[in-house]
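User: Please take a close look at the paired charged side chains here, and then follow the chain outward from them into the open and enclosed spaces and the packing around them. I would like one connected account with the numbers kept in view.

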Amino acid sequence: MIRIDFSNLMQDAVGRNGLTKDDFKNIDTKKITEIIETRKYPELEFLDLHKADTSQIKELGKYASKFENFLLLGIGGSALGPRSILEALSPFHNLKNKPRVFIYDNVDPATLKNILSLIDLKKTVINIITKSGSTAETIASFMITWKILQEQSLKLEEHVIVTTDPEKGNLRKIVKDYCLMSLPIPHGVGGRYSVLSPVGLLLAEAIGISSDDMLKGAKDIHDKCMNADLWQNPAYLFSSGLYLMQQLKNKNITVIMPYADRLKSFSEWFCQLWAESLGKGGKGLTPYPSVGTTDQHSQLQLWMEGPEDKVVVFLSIEDYGVDINIPDVFQDMEGLSYLSGHSLGELIRIEQEASEIALAKNGRPGITIKLPRIDAYHLGQLFHFFEISTAVAGFLYGINPFNQPGVEEGKNLTYGMMGKKGYEEKRKDFELYRRKTKLEL
């Protein structure tokens, strides 16, 4: 079970920049619990994903595993979640295992051209993921690959797996019209909360990761995070601690810093979840992805002596699964020989704790999340813990943590310029902007 250490949020550890227990007295856990228990927002359906039947996911995962390549088309949570699973649980996957995995999550033409030059579509299964079935970037890449499949006279029903809304949307119609394989994204589960749905679990099964282990981890942390007692609920404490840090101490930035290369993509997944869920109405916390020890040599100086506007969330790994001893070389050099007799695992754990101590001594607050190891069970816990914490933070701010109204205008302007019916006025807005005088050098 993951453990969360909140000590360095408190005044006892970091002085004036820390919180006291009295600061938490106005956190209305009763109201939060009521929102969750009554499912005030239908999007809270993500809380039930750990109960899901995974038989269909396993069946299609086994089918996909027989291909040489797995091409995933998605964007946002539809790509960040699967990529986090891939890199955390099967690092350097394409150099060692099949199917090779390619995740295309943009509309950069050079990237797609390079991917298509590396894979033989005859030996490739394509998983397109968009709940709405209308995400412009994902649909555009799907249309391109669809055309190539047709040109190569490949059977679409053998090469395409669609992950989308169970009943409606353009992709659901395509599934029915062409008898394609498909998996449903539950009605109330939004993209950035969907990693423990078929969105992430199909890829997991295709590369030999147990979806059941991930969901078991989610279930076990879920039970702890449903406790109405603030001081017994790690998700409530995490959310309220960071909320109070901003409200009372002007800490507006949340740095997420896993001490493992394998969790670098996870930190990016967290940043989308935290930013898109909480950044509304002039409220929210700005997330920053980092990785230790690398960013001790690029960012730590700023955190130590720069603006006092950050809380650092460390992800500490207790067992890396492997270790490498540092040999007895350069024994005549005092500045190097001290490392002999230790190991890389020991060094990285010491460096994490040293950064934690140094920041605390300098009055800079932090939270440390301790993972026994990086495996499917504990990754499932991390995903579910952060999703619950993010939703709770939204409730504390009094905003809806499941929508993203600030993204819609950009989408609508894009639709207008690309000629989508019903968005003619947005095209006019776009063209008017282009005609404005620019200050360009």
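Analyst: **Salt bridges and what surrounds them**

With a relative accessibility of 31%, R39 falls in the partly exposed class. The model is a predicted one, and side-chain atom pairs enter the account only at pLDDT 80 or more. The partner of R39 is D48, and their side chains form a salt bridge with 2.8 Å from N to O. D48 is likewise classed as partly exposed, since its relative accessibility is 28%. In general, side chains that carry opposite charges can pair when their charged atoms come close. Across the whole structure, the search returns 17 salt bridges.

Another of these pairs joins D165 to K168, where the closest N and O atoms are 3.4 Å apart. Here the partners fall on opposite sides of the classification: D165 is buried, at 2% relative accessibility, whereas K168 is exposed, with a relative accessible area of 55%.

A further salt bridge brings together the side chains of E409 and K426, at 3.0 Å from N to O. This pair ties distant parts of the chain to each other, because E409 belongs to helix α18 (residues 405-418) and K426 to helix α19 (residues 424-435), with their positions 17 residues apart in the numbering. E409 counts as partly exposed at a relative accessible area of 35%, and K426 is also placed in the partly exposed class, at 22% relative accessibility. Returning to the pair described at the start, R39 and D48 do not stand alone, for salt bridges with shared partners join R39, D48 and K51 into one network.

**The pockets**

Helix α18, which holds E409, leads on to the largest pocket, whose space amounts to about 1,400 Å³. Its lining consists of 50 residues, and those nearest the centre are S132, S134, T135, A136 and K411. Two or more lining residues come from each of α4 (77-89), α6 (109-118), α7, α13 (264-278) and α18. Of the contributing elements, α7 gives the most, with eight residues. By class, the lining of the largest pocket holds 21 nonpolar, 21 polar and eight charged residues.

The second largest pocket has about 390 Å³ of space. It is lined by 14 residues, of which D261, Y320, V322, L344 and I348 are closest to its centre. Seven of the residues in this lining are nonpolar, four are polar and three are charged.

**From α7 to helix α9**

Helix α7, the main contributor to the lining of the largest pocket, also takes part in the packing of helix α9. Within α9 (residues 170-178), the buried residues are L171, R172 and V175. These three lie on the same side of α9, because they cover an arc of only 105° around its axis. As a general matter, an α-helix has 3.6 residues a turn, so residues three or four places apart point the same way. The buried residues of α9 pack against α7 (136-151) and against the strands β4 (124-129), β5 (160-164) and β6 (181-184). On the face turned away from this buried side, α9 carries the exposed residues K173 and K176. After the helix comes C179, which has a positive phi, near 55°.

**A buried strand residue and the cavity**

P258 sits in strand β7 (residues 253-258), and this residue is buried because its relative accessible area is 0%. Leaving aside residues up to four places away in sequence, P258 touches L263, S267, S290, V291, G292 and L315. Between P258 and G281, by contrast, the C-alpha to C-alpha distance is 30 Å, although they are 23 residues apart in sequence.

Enclosed space is a separate matter from the open pockets. With a threshold of 30 Å³ or more, the count comes to one cavity, and the largest cavity holds about 50 Å³ of space. It is lined by K251, W303, P307, E308, D309, K310, V312, L359, R364 and P365. This lining divides into five nonpolar and five charged residues, with no polar ones.

Definitions and conventions:
Residues are numbered from 1 along each chain as its sequence is written. This is a predicted model: local features need pLDDT of at least 70, side-chain atom pairs count only at pLDDT 80 or more; totals for chains, interfaces and linings use all residues. Side-chain values use heavy atoms; hydrogens and water are left out. On a 1 Å grid over the protein atoms alone, a cavity is a set of points where a 1.4 Å probe fits but cannot get out, and a pocket is an open set with protein on both sides within 12 Å along at least five of seven lines; lining residues have an atom within 4 Å of a point. Grid points are joined across faces, edges and corners, and a volume is the space filled by probe spheres set on the points. Ala, Val, Leu, Ile, Met, Phe, Trp, Tyr, Cys and Pro count as nonpolar, Asp, Glu, Lys and Arg as charged, and the others, Gly among them, as polar. Buried means under 20% relative accessible area, exposed over 50%, partly exposed in between (1.4 Å probe, protein chains only). Helices (H or I, at least four residues) and strands (E, at least two) are DSSP runs, numbered from the N terminus. The arc is that of the directions from the helix axis to the C-beta atoms. Contact means heavy atoms within 4.5 Å. A salt bridge is a side-chain nitrogen of Lys or Arg within 4 Å of a carboxyl oxygen of Asp or Glu.
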